[in-house]
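Thanks for coming, everyone. I'll keep this brief: one ligand site, then the metals. Have a look at the model first.

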Amino acid sequence: HAKKTGRAGYALFDRQLHVQTLKLLKIQSDLHQALERQEFILCYQPIVALSTGKLIGFEALVRWHHPQQGLISPGDFIPVAEETGFIIFLGEWVLREACRQMHQWQLQFPLHSPLTISVNISGKQFSQVNFVQQIEQILLETGFDAHLLKLEITESVLMENAQSSTSMLSQLQALGIRLSIDDFGTGYSSLSYLHRLRLDTLKIDRSFVRDVDRSVEQIEIIRTIIALAWNLGMDVVAEGIETKKQLFQLRSLKCEYGQGYLFAKPLDRAAIETLLAQDLPLQYLN
Ligand code: C2E
Ligand code: MG
Ligand code: MG
Ligand code: MG
C-alpha cells in the first residue's frame with residue numbers, strides 16, 4: 001500500500017512519525033525532569049484481613065505532583081513511561097522509596113506487627129538483566145527485610161514473558177521476596193505455568209469484585225478463582241472493595257484479604273502515619 005502512494009506518501013508518513021516522536025521526546029524529558037525535581041510521590045493503600053479489618057500491609061501507588069497541573073494519576077503517565085523506557089528509572093525510584101519509607105515506619109512504629117509493602121513492577125523493568133541485583137542493592141541500602149517486600153506483576157506481563165521470566169522469578173524468590181499476580185482474571189493464564197511458578201498471592205481484579213454483590217455469575221467466578229488460588233497454595237487479595245455488601249459477600253466466599261475505598265483510599269505519608277500511630281483495625285467507616 002505504501003508503495004503506491006510514492007514518495008509523497010512516505011514523506012507524509014515520516015512527518016507524522018516525526019511529530020509523534022517529538023511529542024514522546026518532550027514527555028520523556030518532562031518525566032526525567034520531574035524525577036530530578038522530586039515531583040513523584042508515593043501513596044499507600046492499606047491491605048487488610050477481611051475477617052477482622054486488621055492492617056497487614058500496603059500497596060505503593062505512584063503519583064506525579066505536577067507544579068502546574070496538580071496531582072496526576074499513574075494511568076496518565078505510566079503508559080507513556082513504559083513506551084519511552086522511563087519506567088526503568090521511575091520504577092527503581094519507587095522501589096527504593098517504598099523500602100526506605102517502610103523501614104523508617106518500622107523504626108518509628110515498632111509496636112506494629114511487620115507490614116508488607118507491595119510494589120507494582122512493569123514488564124520493561126522486569127526484563128532488565130540486572131533487575132535482581134538492583135533489588136538486592138536496594139534492600140541492602142535501605143535495610144528493609146526481603147520477606148516483607150511483594151512484587152506485583154500483572155497476569156498479562158507474567159504470561160507474555162513466561163519463557164524468560166521463570167529463572168528471574170526463582171532468583172527473586174531465593175532472596176525471600178514474595179510475588180503477586182496482579183489484575184488476575186483480565187489475562188489468559190496457563191495453569192500449568194502458574195502451578196510451576198509457586199507465586200505467593202493472587203489479586204482478584206476489581207472488575208470481578210464490582211458486581212459480586214449483585215450477580216450470581218460474578219460470585220461463581222470469584223468462588224472459582226479463590227478455589228484455584230488455594231489449590232496453588234496462594235493467598236487471595238480482592239481489589240477495589242467499595243461497599244459493605246461486597247465485603248460480606250467476599251467474606252462468605254472465604255476471601256482472606258482485600259483493599260478498597262471501603263477501608264481506605266491510597267493515602268499520603270502523613271495520613272499513613274496517623275493510621276500507624278492509632279494501631280487499630282481498619283473499620284469500614286467511610
Ligand atoms: P493496580 O496495581 O491494579 O492498583 C490498584 C488501583 O486501583 C489503584 O489505582 C487504586 O487507587 C485503585 N483502587 C483501589 N481501591 C479502589 C476502589 O475501591 N475503587 C476504585 N475505583 N479504585 C480502587 P491507581 O493508583 O490510579 O493506579 C492505577 C494503576 O497504575 C495500578 O493498578 C498500576 O497498574 C499502575 N501503577 C501505579 N503505581 C505504579 C508504579 O509505581 N509502578 C508501575 N509500574 N505501575 C504503577
Ligand atoms: Mg497493583
Ligand atoms: Mg490490580
Ligand atoms: Mg489494575
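A definition before we start: Ala, Val, Leu, Ile, Met, Phe, Trp, Tyr, Cys and Pro count as nonpolar, Asp, Glu, Lys and Arg as charged, and the others, Gly among them, as polar. Keep in mind that this is a predicted model.

With those classes, how does the shell around ligand 1 divide? Nine residues are nonpolar, five are polar and eight are charged. In total, 22 residues surround ligand 1. The closest are Arg 63, Asn 120, Asp 182, Glu 242 and Tyr 261.

Where does ligand 1 sit? It occupies the largest pocket. Three elements each give two or more residues to its shell: β2 (55-66), α3 (87-108) and β6 (178-184). Strand β2 supplies the largest share, with four residues.

Now the polar contacts. Asn 120 places a polar side-chain atom 2.8 Å from an oxygen atom of ligand 1. For Glu 59, the distance from a polar side-chain atom to a ligand 1 oxygen is 3.0 Å. Arg 206 has a side-chain N or O atom 3.1 Å from an oxygen of ligand 1. As for cover, ligand 1 on its own has 800 Å² of accessible area, and the protein covers 83% of that.

On to the metals. Which residues coordinate the magnesium ion that is ligand 2? The donors are Glu 59 (OE), Asn 120 (OD1), Glu 152 (OE) and Asp 182 (OD), at 1.9 to 2.2 Å. Note that Glu 59 and Asn 120 also came up in the ligand 1 contacts. Along the chain, the ligand 2 donors are spaced E-x60-N-x31-E-x29-D. Asn 120 is in strand β4 (residues 116-120) and Glu 152 in strand β5 (residues 149-154), so this pair links distant parts of the chain, 32 residues apart.

The other magnesium ion is ligand 3. Asp 182 (OD), Asp 183 (OD) and Glu 239, listed with OE twice, coordinate it at 2.0 to 2.6 Å. The spacing here reads D-D-x55-E. Asp 183 lies in strand β6, and Glu 239 lies in the loop between β8 (235-238) and α11 (244-252), so the pair ties together parts that are 56 residues apart in sequence.

Last point: which residue coordinates both ions? Asp 182 does, and the two magnesium ions are 3.9 Å apart. Asp 182 is also among the closest residues to ligand 1.

That's the tour. Over to you.

Methods:
Residues are numbered from 1 along each chain as its sequence is written. Chains are lettered from A and ligands numbered from 1 in the order in which they are written. This is a predicted model: local features need pLDDT of at least 70, side-chain atom pairs count only at pLDDT 80 or more; totals for chains, interfaces and linings use all residues. Side-chain values use heavy atoms; hydrogens and water are left out. A residue is near a molecule or strand if one of its heavy atoms lies within 4 Å of it. A polar contact is a pair of N or O atoms within 3.5 Å; within protein, one must be able to donate a hydrogen and the other to accept it, and residues adjacent in sequence count only if both atoms are side-chain atoms. Accessible areas come from the Shrake-Rupley method with a 1.4 Å probe; for residues, only the protein chains shown count as cover. On a 1 Å grid over the protein atoms alone, a cavity is a set of points where a 1.4 Å probe fits but cannot get out, and a pocket is an open set with protein on both sides within 12 Å along at least five of seven lines; lining residues have an atom within 4 Å of a point. A molecule sits in a cavity or pocket if more than half of its atoms lie within 2 Å of its grid points. Donors are N, O and S atoms within 2.8 Å of the metal (3.2 Å for Na, K and Ca); water is not among the atoms, so sites may look incomplete.
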